[in-house]
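Let's take a walk through this one, rings to begin with and open space after that. Keep the view handy as you read.

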Amino acid sequence: MDMLQEGDMAPDFTLPASNGEQVSLSDFRGKKNVILYFYPKDNTPGCTAEACDFRDRAGDFSELDTVILGVSLDDLQSHEKFIRKYNLPFLLLSDTEAEVSKKYGVYKEKNMFGKKKWGIERSTFIIDKEGRLAKIYRKVKVDGHVEDALAFVKEHLS
């Protein structure tokens with residue numbers, strides 16, 4: 001499968017969300033920009049830091065007509081605990097079969113402490129109101145990432 005490029009239409013999907021509903025990317029078309037961020041695992045240090053950074057800037061994104069969706073392979077129960085623990089104001093989507101992660105090319109074989117295992121490579125996709133990939137961040141480093149994403153939305157999508 002080809003790597004997605006900026007300017008491509010974002011692949012649509014429907015996943016169960018932490019609010020108990022099914023959420024589709026197309027729900028936001030014509031209404032909101034979407035920050036679709038993929039992260040490896042609930043309640044791990046990097047993922048917690050990233051989620052809390054998004055939480056702390058959620059109001060800024062909201063003012064820019066931008067909704068935040070976090071995606072990991074965790075189940076909804078895990079997401080609910082994560083949201084409660086850190087007061088996350090955005091939806092987390094459960095991609096337990098890695099279907100969406102594969103569509104976006106973020107499901108990779110990773111080398112953890114000499115063991116190879118499949119998982120999500122931290123990545124963020126900024127999708128405009130027309131459903132196009134406006135910006136793709138792969139192999140995201142958590143520090144400063146949310147600020148970069150916010151600056152991009154401000155500059156290009158508001």
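Start with a charge over a ring: K135 sits over the face of Y137, 5.3 Å from the ring centre. Bear in mind that this is a predicted model.

Now for rings meeting rings. There are 12 aromatic pairs in the structure. Take F54 and F90: their centres are 6.4 Å apart with 80° between the planes, an edge-to-face pair. F54 belongs to helix 1 (residues 45-63), while F90 is in the loop between helix 2 (76-86) and strand 5 (91-94), so this contact ties together parts 36 residues apart in sequence. Both of these phenylalanines are buried.

F82 and Y86 make another edge-to-face pair, because their planes meet at 75°, with the ring centres 5.6 Å apart. This one is a within-helix affair: the two residues are four apart in helix 2, so about one helical turn separates them. F82 has a relative accessible area of 0%, so it counts as buried. Step back and both pairs turn out to share one aromatic cluster, made up of Y37, Y39, F54, F61, F82, Y86 and F90.

On to the open space. The largest pocket holds about 350 Å³. It is lined by 15 residues, and P40, K41, K110, M112 and I120 are the closest to its centre. Helix 1, strand 6 (107-112) and strand 7 (115-120) are the elements giving two or more residues to that lining. Strand 7 gives the most, with four. As for chemistry, the lining of the largest pocket splits into six nonpolar, three polar and six charged residues.

Key. Residues are numbered from 1 along each chain as its sequence is written. This is a predicted model: local features need pLDDT of at least 70, side-chain atom pairs count only at pLDDT 80 or more; totals for chains, interfaces and linings use all residues. Side-chain values use heavy atoms; hydrogens and water are left out. Rings of Phe, Tyr and Trp (its six-membered ring) pair if their centres lie within 6.5 Å; planes under 30 degrees apart count as stacked, over 60 as edge-to-face and the rest as tilted. Buried means under 20% relative accessible area, exposed over 50%, partly exposed in between (1.4 Å probe, protein chains only). A charge sits over a ring if NZ of Lys or CZ of Arg is within 6 Å of the ring centre and within 35 degrees of the ring normal. On a 1 Å grid over the protein atoms alone, a cavity is a set of points where a 1.4 Å probe fits but cannot get out, and a pocket is an open set with protein on both sides within 12 Å along at least five of seven lines; lining residues have an atom within 4 Å of a point. Grid points are joined across faces, edges and corners, and a volume is the space filled by probe spheres set on the points. Ala, Val, Leu, Ile, Met, Phe, Trp, Tyr, Cys and Pro count as nonpolar, Asp, Glu, Lys and Arg as charged, and the others, Gly among them, as polar.
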